[in-house]
Amino acid sequence: MDLLPTIWFILIAVLWLGYLFLEGFDLGVGMLLKGFSRDEKERRVLLNTIGPVWDGNEVWLLTAGGATFAAFPMWYASLFSALYLPLTLALLALILRAVAIEYRGKGHTEAWRNGWTWCLAGGSAVAAFCVGAMLALTTTGLPLNENGDNIGGAFAWVNIYAIIGGLGVVGFCLLHGLLFISLKTDGEVRFRARALAGKLAPVFLLPLVAWVIIVQVMHGGLLGWVLIVVAAAMAALMWVQIRRGAEKSAFFAQSLFLAVGVTTVFLAIYPKVLPSTVDDSFSLTVSNASSSGYTLTVMLIVAIVFVPIVLAYQIWSYSVFAKRLRTEHIPPAHQVPVAIRSHHQ
């Protein structure tokens, strides 16, 4: 076994787990701004639940991409060159979402707020779908030749696996967002989020479960099936707990479901990092796609030093903003008088 490449394979899996866990409820709350919230105060409550943390959560995506580039440059080059279109769509959606969060409160007309709300909800949905599609293709394979080059054209990524993976992450984010809202709010918003999560949880999780089973059938072994049973048990526990009103237990069970599911997927494809659908011998593995031992060693030392610091900071930041929000906590929207605006213009 190649120890250092395997360690970095595990660390990249952990980074993706952290991204899906933290950014998952961010994207879910963004999507729920349309359809779930009933008025402007409720939308502002939802925005305030993620307001202090959403930009920090996105760091996990950047770190996962950067770690892949440094630790497995062949994996990074083959994957990103084959997935230019969904990657570009995901980045544009994340940019639109960030701009919408910042600009939504800058105007005072209903049309302005509604337009940016649609941008936030749509950007969140597109980003979640594209990330899910790319992760699904990473685990099910792409048409790569012996040099790791995509030979399937610009739309080789458009297949049933990408659609299932995209829908899987969208569904997970919606459920994760509802569970997060039930933890972070109080009053009518909290109870409605809890009821909707209890009603639709199986529907939201079905595509994600299908993706995990597909990867397991294609690549996995006996241990993977054991983990799938554990993940199913965690999903069932989450559903029971949220229907009982035990929001913390439900969120914890959902988190375990995600952790076991990600572990199952990455364990199934190991030692491959990007399977080839042309010829299995063309697949990229932890051995033939990794950087030098010196590079991986230096990176590991840096990770050992700084990852605990980042985790400690994020845990502290979440503890600071741990209290529940109610619509009564939202003050009236501030509007600068016309005379002052005219003077500054």
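# Terms and values in a predicted model

Student: Why is glutamine 241 called buried?

Tutor: Its relative accessible area is 13%. Buried means under 20%, exposed means over 50% and partly exposed means in between, computed with a 1.4 Å probe on protein chains only. The value of 13% is under the limit, so glutamine 241 counts as buried.

Student: What should be known about the model and its numbering?

Tutor: This is a predicted model, in which residues are numbered from 1 along each chain as its sequence is written. Local features need pLDDT of at least 70 and side-chain atom pairs pLDDT 80 or more, while totals for chains, interfaces and linings use all residues; side-chain values use heavy atoms, without hydrogens and water.

Student: Where is glutamine 241 found, and which residues does it touch?

Tutor: Glutamine 241 is in helix H10, residues 222–244. Helices are DSSP runs (H or I, at least four residues), as are strands (E, at least two), and both are numbered from the N terminus. Leaving out residues up to four places away in sequence, glutamine 241 touches Ala246, Ser249 and Ala250, where contact means heavy atoms within 4.5 Å.

Student: Why is methionine 238 described as buried?

Tutor: Methionine 238, also in helix H10, has a relative accessible area of 1%, so it meets the condition for buried. Its contacts beyond four places in sequence include Leu175, Ala201 and Ala253. The C-alpha atoms of methionine 238 and alanine 253 are 5.1 Å apart, although 15 residues separate the two in sequence.

Student: What makes two rings an aromatic pair, and how many pairs are there?

Tutor: Rings of Phe, Tyr and Trp (its six-membered ring) pair if their centres lie within 6.5 Å; planes under 30 degrees apart count as stacked, over 60 as edge-to-face and the rest as tilted. The count by this rule is 13 aromatic pairs. For phenylalanine 9 and tryptophan 75, the centres are 6.5 Å apart and the planes at 35 degrees, so this pair is tilted. Phenylalanine 9 belongs to helix H1 (residues 3–32) and tryptophan 75 to helix H5 (residues 73–82), so the pair ties together parts 66 residues apart in sequence. Both phenylalanine 9 and tryptophan 75 are buried.

Student: Why is the pair of phenylalanine 72 and tryptophan 75 given its class?

Tutor: The ring centres of phenylalanine 72 and tryptophan 75 are 5.6 Å apart and the planes stand at 65 degrees, so the pair is edge-to-face. Phe9, Phe72 and Trp75 form one aromatic cluster together with Phe266 and Tyr270.

Student: How many disulfides are there, and what makes a pair of cysteines count as one?

Tutor: A disulfide is a pair of cysteine sulfur atoms within 2.5 Å, and the count is zero. For cysteine 119, the nearest cysteine sulfur is that of cysteine 130, 16 Å away, and cysteine 119 is in no disulfide. For cysteine 130, the nearest cysteine sulfur is that of cysteine 173, 12 Å away, and cysteine 130 is in no disulfide either.

Student: Which class of accessibility does each of cysteine 119 and cysteine 130 have, and why?

Tutor: Cysteine 119 has a relative accessible area of 23%, so it is partly exposed. Cysteine 130 has 6% relative accessibility, so it counts as buried.

Student: What makes a set of residues a nonpolar core, and which residues have the most contacts inside the largest one?

Tutor: A nonpolar core is a set of buried Ala, Val, Leu, Ile, Met, Phe, Trp, Tyr and Cys residues joined through side-chain atoms within 4.5 Å. The largest has 101 residues, and Trp8, Trp16, Tyr19, Phe72 and Trp75 have the most contacts inside it. Helix H1 gives the most to this core, with 14 residues. Among the contacts of tyrosine 19 beyond four places in sequence are Leu27, Trp60 and Val131.

Student: How do you know where glycine 141 stands relative to proline 275?

Tutor: Glycine 141 and proline 275 are 134 residues apart in sequence and 4.4 Å apart in space, C-alpha to C-alpha. Glycine 141 lies in the loop between helix H7 (110–140) and helix H8 (160–184). Its relative accessible area is 6%, so glycine 141 is buried. Beyond four places in sequence, glycine 141 is in contact with Pro275 and Thr277.
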